[in-house]
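Dear colleague,

I am handing over the structure we spoke about, and below it you will find what came out of going through it. Please read the notes with the structure open beside you.

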Amino acid sequence: MEYIVTGNEMKLLDDTTSQVFLVPSVVLMEQAAAGVVRELVACFDKSKEFAVICGRGNNAGDGIAIARLLNQAGYRCMVYYAFGTDEAGSELFELQKNIYARYGFKVVSDIECVCKSDVIIDALFGTGLKRAIEGSLADVISAVNKANAYRVAVDVPSGVDSDKGHVMGCTFKADFTYTFSYKKTGLLLWPGCDYCGLVKVVPIGIDDHSFCGNLPSVRALDESDLKKLDNRPAHSNKGTFGKLLVIAGSRNMAGAAVLSAKAAYKSGAGLVKIITPECNRSIIQCALPEALLCTDIASAKALETELEWADAVVIGPGLSKSDNAKMLVETVLKTAEIPLVIDADALNIISDNMTLLNEHKMPVIVTPHLGEMSRLMKKSIADIQEDIIGVAGEFAGLYNVTCVLKDFRTIIAAADGEKFINLSGNCGMATAGSGDVLSGIVGGLLVQWRDTKKAAAYGAFIHGLAGDMVFDNTGSYGMIASDIIDGLDKVWIKVEKKWQLTESEQI
């Protein structure tokens, strides 16, 4: 698991490292520059010519130090001062500029010289940018973006908001971004992520100690977290792993129920029962004979009996907004005494009567895509994308739920304020039924763990990882939702191999 920080949090880390742990800022800058140079030397040979475009802040200081170290390592590197050399900059910028001048390394004043380089390094603004890049600086960035060169960003591409991923005017288009100590949220969110290229974290001597106990609210799971999952006990039966009720499907929408229920089974649920209209019976029994089936629930009382059987509920995939569907949603929210996953049409029903979401007695996970969240929050999709992490957190706190807000980067926000950015997955997963699979995975994990935050965070990560596992077989054009379910087998094989490795290591 890794922490994801904002620009302000990174500044605080810089400050605490220097003030609390007494590491001078210039030492951190030198280590940052040395780390970037190590990466560059590993990628490019000495036949390549480098150019660094510098602003006048600490990011520019990093860039000048990078240029000096490249020259000292036998590479050819020039520096271009975008603001000229007369205007004073930050204290560290002035220090690095003077050191560079003492060595007599190359400085150019013509952007055309920069554009003829093989590798152009952006050290204009970093995380400190507060307004759109316009005028002569925009001309500089536009010129280097057109150059036939590799483009490298130091910490954050200039023009990308390091917190929310906004693109602020003319923006440096990087092939590689070497960011310091921790990934920044803006590097991961759209559209800023489209300007970052390959993002790699460079350690500079700042670590978790510098949080001084005030950990950032945003994290991301990675494959090492799969090792933390508990091994399934050998002495078990289907009841050991929970009974999940999937309320899904309507006429001509049987597939949503199948995908959700099958994903739940493939995520380890012991028993899955589908509540759906009678017209879907033969389709579901052929597609998923393992599922229990209950059709044509027409009263709240009949549904309450089924809820007593279950350990958790998934409701919404392909449900429609019929009167019967509304009765099912209202009954579940008002009477269920088990955890819930609310998806798709159930969310659309709730969006017409938001007081329903205050009815739940037990923990709830909601899994809206941007359109559904727009209806729930009465905000435009553009406004949500403006601050997707903030909106997910706001909704989670407002309704005391765990919110899985689905987008290019899915955001998981818990009511306690903790958030996750999901980094797994690929564009092939933008296909019909992918959300139904996610609801089934989350439900399958929830029925086993009874922990909404854990089920939501791991569910989103495993969903994306399953898509990644089958990408080589399908490509992005050929992937369909059932392929993602097939990928779950590969995920769990990988998990169990990690368990076996852990056990052998312990021996």
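**The largest pocket and two buried residues**

The largest pocket is lined by 35 residues, and those nearest its centre are Asn 58, Asn 59, Phe 125, Thr 127 and Gly 128. Please keep in mind that this is a predicted model. The volume of the largest pocket comes to about 930 Å³. At least two lining residues come from each of helix H1 (7-19), helix H2 (25-43) and helix H3 (58-72), and the largest share, eight residues, is supplied by H1.

Asp 155 sits in the loop that runs between strand E6 (150-154) and strand E7 (176-180), and it counts as buried because its relative accessibility is 8%, where the cut-off for buried is under 20%. Its side chain makes a polar contact with the side chain of Lys 184, at 3.1 Å. Leaving aside residues up to four places away in sequence, Asp 155 touches several others, among them Asn 59, Thr 127 and Leu 187; Asn 59 and Thr 127 are also among the residues that lie nearest the centre of the largest pocket.

The second residue is Arg 409, found in the loop between strand E17 (402-405) and strand E18 (411-413). Arg 409 is buried yet has no salt bridge, and the nearest side chain of opposite charge, that of Asp 468, is 8.1 Å away. With residues up to four places away in sequence again not counted, Arg 409 touches Leu 188, Leu 189, Ile 388, Ile 421, Asn 422 and Leu 423.

With best wishes

Notes:
Residues numbered from 1 in each chain as written. Predicted model: local features only at pLDDT ≥ 70, side-chain atom pairs only at ≥ 80, totals over all residues. Heavy atoms only, no water. Helix = DSSP H or I, 4+ residues; strand = E, 2+ residues; numbered from the N terminus. Buried < 20%, exposed > 50% of the residue type's maximum accessible area, 1.4 Å probe, protein only. Polar contact = N/O pair within 3.5 Å; in protein donor to acceptor, adjacent residues only side chain to side chain. Contact = heavy atoms within 4.5 Å. Lys, Arg positive; Asp, Glu negative; His and termini not counted. Salt bridge = Lys/Arg side-chain N within 4 Å of Asp/Glu carboxyl O. 1 Å grid on protein atoms, 1.4 Å probe; cavity = no way out; pocket = protein on both sides within 12 Å on 5 of 7 lines; lining within 4 Å. Points joined across faces, edges and corners; volume = space filled by probe spheres on them.
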